[in-house]
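Here is a friendly walk through one protein model, meant to be read with the structure open beside you. Take a look at it first, and then we can go through some of its parts together.

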Amino acid sequence: MPATRKPVRYAHSEGHTDICYGQEGRYLITCGTDGDVRVWEGLEDDDPKTISVGDKIHAVAAKNNRLLTGTDSNTVQAHMLSDGAPDGILARFTAPVSHLVYSESGKLLAAGASDFNIRVLEVEDEESTTQYLLHGHQAPVLSVAVDPQDKYLASSSCDGTVAIWNITEKNQVKSWNLLPKCSDVSVAKTLCRLSWQPKTGKYLAVPVEKEVQVFAKDTWEKVFTLTDDSIEQPISLVAWSPNGVLLAGACVDGTILVWDVASKNCVERVKHDKSLTICGLVWNPVNGTEIAYTDVQGQLGLVENVAPESSNRQQKSEAADDPMAAMFDGDDDDDFLLSAGDHDDGSHSNAPGDVDDDDSMPVPTQRKRIKANIFDDDDASMGADSLSMKPASDLLDDVDSISGLPTRAAPQPVYQGPKPTPLQPAFQPGSTPVSLAHRFMVWNTVGVVKCYNSEEENSIDIEFHDTSVHHSMHVTNHLNHTLAALSDQAALLACESTDDSPSKLVCLHFSSWDNSKEWSTAMTDGEDIQVLAIGQGWVAVATDKRLVRVWTVAGIQKDVISVPGPVVSMAAYGTQLFVVYHMGTGIPGDQLLGAQLLEVSGRRRRKVLEGQLPISTKSTLTWIGFSAEGTPVTYDSCGVVRMMNRGLGHSWTPVANTRTHCKGKSDNYWLVGVNENPQQLRCIPCKGSTFPPVLPRPAVTVLPFQLPLCELNTDKSQLEESFVRSRLFSGHFQFLTAQGWEVDDLARADVQREQDDTLMKLFALACKADRECRAAELCELMDVNRLNFAIKYASRVKRIALAEFLNDLARRKVEEEAGEQQEQEEEEEEDFRGYLDSQKNHIETEWSQPSTPSVLRSSGTSQRSSRQQQVQEEEEDEEMEMEDREEEEEETDSADVKRRSGPILTKNTKSSYPKTALSLTQERKNPFKVSSQPKTPTEAPRGSSVFDKMKKTSPGSRAKSKTALSPRGDLKTASKTSATSKKQSTQSTLLMAAKKPRKQEPENQPKTSSEDQEENKKVVKGFDLWFEQERATLQEENSEESDAGLFQLAIRGWRKLDKQEQKDWNEKAKQMSETTSQDADLKKRKRESESEETSQGDDESLKGDKTLEDSSSQAKKKKPLSTSVNSKLSAFAFNKD
């Protein structure tokens, strides 16, 4: 039966790859130029154990639980095979190690390097330091092989020679010029891997061109040559089978040949499917019919069922050569025991209480032990005759005494339940393992921090993606820093504690405006830093004491936060700090992680989230961070990316799975950054490893997001996935707006348009599929504008019932939106009226006196400059000028004014706050103020025109004036339609006072009425108290905003408060209002008493005013007013200060 070649699979990155078996053929061990050693339980193992060594590995060897590697750092390093823990450096060279091999006994280790030297180490005792240096080659060493008797060593070199060395005497015994010369291993035509025949070491096989030359030990004469007609390229490697019967060779073109040494015939030929050069070849030490190999592309292959007839023939020949095995093996043994049992009357059986149960032992083991004890007994006179004289039952009863086996102990109870899952250690996001000599300390959206740790130097390089932030930096790593974090403000470095020094934090504050660019601090005794993070103006470290320490970026200690469990990782963005920790021991194989999201800076320092962090089953957390828009993101070892959904109670949603983009089962993606708009997942592809190498610099690729919805191969599911993903990723707009950041309105509009288009496509699919109920549900998600398009589409496709349903839905939506808009306007109007009241309370006029409680007069209100009052006066002048011009238009065409003012007065339009503020303050304008416009020749004198119009005023004009001054009206509209009415309203008030002196007071009534209204309006609200307290902060953060703009920001901030906080502020305001109202009642009663005393004198003056009005209208000429009225009106008109 011919040999079977299994398909190759990816093992390492492209380059030289070596292979060996470990622990008696239980594991396959490979190494490559990616710096990793992988331990495979078989070719089908999809999750091999990876041991990161850190440099390019050229050779690997394993014995028992010890793994040795020859690296590009000129060292032979040792690791534990069970857990991959480093176990020291065994040998050092001055050039990279090229080959490494154990002796068959495991006592010696031979290593050859490119510095022309060979070192042989005694490794039977791990504490032994005995080394043999063999020097004599004139070029780099290609391969080495140790004699099974540990006496000789064979080596090949780039100088073209194959040499034999006496290990103990350290001299060269024999040398042949067999190979082509070259300057380095990398350019050698063949690797010329030598091989000794197992057990005896009788022959040495040397690959030379297209044949294998076999030399005899001791005589060093060429005994025979193995070749085949199918060989087209030179043979590079040879390896003996474990039984020494077969010899395998691998050619440069990927051909594997197997010869039967006894017959000198080629019994197997296997060709690589891609004809790649094979650089590693090894036999399974237990299964002599299996060959494993690796190629220069980093692929692993396996050949099974290799010449089984030859292996069986060798086993039989060995059995025939051993007379003792022939005596006790086969059927004769059974006959011997059965015949011996005939001498006994009864069959042998152990009593139930016997401790020893020899029948449970395998039969071959029993026979060997009996055989060995019979012929190795101290009684030399005992022979075959004496054996035949003793019954077999007696022999079996005396097995324990013959073999000297210890008695079997009573079985102990063993725990068979699930074992606890080891806790995941802490890690720095964006970093590679600390064990690597060249590694990434951090890679994020700002830049990259790399560490180079070698014998020559130990340094750190800091590079920025955007060089305008800062230039690259080179830092000498004196303190052996192992952690780093980077932002556009600073770089953090941290080192572990030692016996002499504590763990230390160093901050390179390159954004500082002074000359001090660096500060450092040491941790407390016994406290080690595990994770670093940098926010906007602050830095944080997590320690093994379950503490998170916070500093300002300039070095002021700010907070110390206790974490519920051991910290796993940590990330920062702006004011947010994201901490992941262990909540406890999870179910077998799973990690039980918790997360905290804190706001550690800014005005509101609070805990946003605390709860369990979801990750995939049987996985670990590999990366945490924030998107470029400030949303927390996690990434686990199963390739699942999860993002926080702020719109659903800070839950977590899987948004991508990088495994779906991997070509091989061992491939991975190393996450470096996330963007929500545009939707980008920036990763580094890692072929066959979990992290990228430092050199050459890896390239970043962009992966798409995709939510794990069902049936994604259908159009409907694809559109649903697009809509849900777009809605999830658009949540950052609201978050950024709430945080005070500027948001691109065009980008938000594009996202909304994309969602609307997706809904329309889903609506069309539902209509085509005759799913009208589904279509109606989709329309619930649309706005009114898109709903109109849906109605038109339903009518076009003859879905009349659906169109009618959508029409009713649109009507309901319009009504709901109108109601919401009205409620919002009323709320804004109410808040703004409170704001205006607070403004009036700080301006003293003769119309009202300030009665605002002192608690409302904050520093922000007291600092209102005279510039604001000047602006108000200028606005009043402009309004009066506009009123004068419109007054003339009204006199010439009163009908047109009525026609135009009718619908405008009833229009319910929403206006901006500055316009509303102006319209509300128009009631306090001075109607007698002289206009700045030049008088025309036809215009009457200002004083006479005012009094001429007094008798034309009707009581209804006052109502019209109040209607025009609705706070919801527009400034221009209100001024055009009610300019004349305002003057008539003010003047009619005076005339009404003259006609009805008992009901209205001539002088004090306007002032008293205004004061009453002001006091009635001075109801202190919770919003007023909160706004006055936050005014200074808002003005500081928004220095360029006007008062109206600040008020808009205040309204938004008030609405974001919790219900309980609003309730507390309202209760405070209610208590304050009650106190204010009591004071107002006292003032009102005092004014009423004073008004009664002066009412009699005012009646006479009002009668004089009426007589003056009648005489002026009949004679049509100016007459002087009474002294009392004239003085009062003059004071009213011109005493505005």
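Let's start at alanine 790. Setting aside neighbours within four places in sequence, alanine 790 is in contact with Met760, Phe763, Cys779, Met782 and Leu806. Keep in mind that this is a predicted model.

Alanine 790 also belongs to a bigger picture. The largest nonpolar core has 22 residues, and those with the most contacts inside it are Phe763, Cys779, Met782, Ala790, Leu802 and Leu806. Which elements give two or more residues to this core? They are helix 8, helix 10 (745-768), helix 11 (772-780), helix 12 (784-796) and helix 13 (800-840). Helix 10 gives the most, with six residues.

Helix 8 is worth a second visit for its charged side chains. Arginine 725 and glutamate 721 meet there in a salt bridge, 2.7 Å from N to O. These two residues are four apart in helix 8 (residues 715-729), so about one helical turn separates them. Both arginine 725 and glutamate 721 are buried.

The structure holds 23 salt bridges. As general background, side chains of opposite charge can pair when their charged atoms come close. Another pair is arginine 38 with aspartate 36, whose side chains meet at 3.6 Å, N to O, and both of these residues are buried. Salt bridges that share partners join Asp34, Asp36 and Arg38 into one network. Glutamate 599 and arginine 606 also form a salt bridge, with the closest N and O atoms 3.6 Å apart. Are the partners in this pair buried or exposed? Glutamate 599 has a relative accessible area of 8%, so it counts as buried, the cut-off being under 20%. Arginine 606, at 36%, is partly exposed.

Now to the strands, beginning with strand 16 (residues 161-166). Why is strand 16 largely enclosed by the rest of the structure? Because six of its six residues are buried. In a regular strand the side chains alternate between the two faces of the sheet. In strand 16, Thr161, Ala163 and Trp165 point one way, while Val162, Ile164 and Asn166 point the other way.

Strand 16 has a partner on either side of it in sequence. Strand 15 (residues 152-157) pairs with strand 16 in the antiparallel sense over five bridges, and serine 156 has valine 162 as its bridge partner. Strand 17 (residues 171-177) also runs antiparallel to strand 16, joined by six bridges, with glutamine 172 as the bridge partner of tryptophan 165.

Strand 47 (residues 640-645) is mostly covered, with six of its six residues buried. Three bridges join strand 47 to strand 46 (residues 632-636) in an antiparallel arrangement, and tyrosine 635 is bridged to valine 641. Strand 47 also pairs with strand 48 (residues 651-657), antiparallel, over six bridges; here valine 640 has asparagine 657 as its bridge partner.

The hairpins formed by these strands are listed below, each with a residue of positive phi.

| Hairpin | Residues between the strands | Residue and its positive phi |
|---|---|---|
| Strand 15 and strand 16 | three residues | glycine 160, about 90° |
| Strand 16 and strand 17 | four residues | lysine 170, near 60° |
| Strand 46 and strand 47 | three residues | glycine 639, near 85° |
| Strand 47 and strand 48 | five residues | glycine 649, about 70° |

Key. Residues numbered from 1 in each chain as written. Predicted model: local features only at pLDDT ≥ 70, side-chain atom pairs only at ≥ 80, totals over all residues. Heavy atoms only, no water. Buried < 20%, exposed > 50% of the residue type's maximum accessible area, 1.4 Å probe, protein only. Pairing = 2+ DSSP bridges. Salt bridge = Lys/Arg side-chain N within 4 Å of Asp/Glu carboxyl O. Core = buried A, V, L, I, M, F, W, Y, C linked by side-chain atoms within 4.5 Å. Contact = heavy atoms within 4.5 Å.
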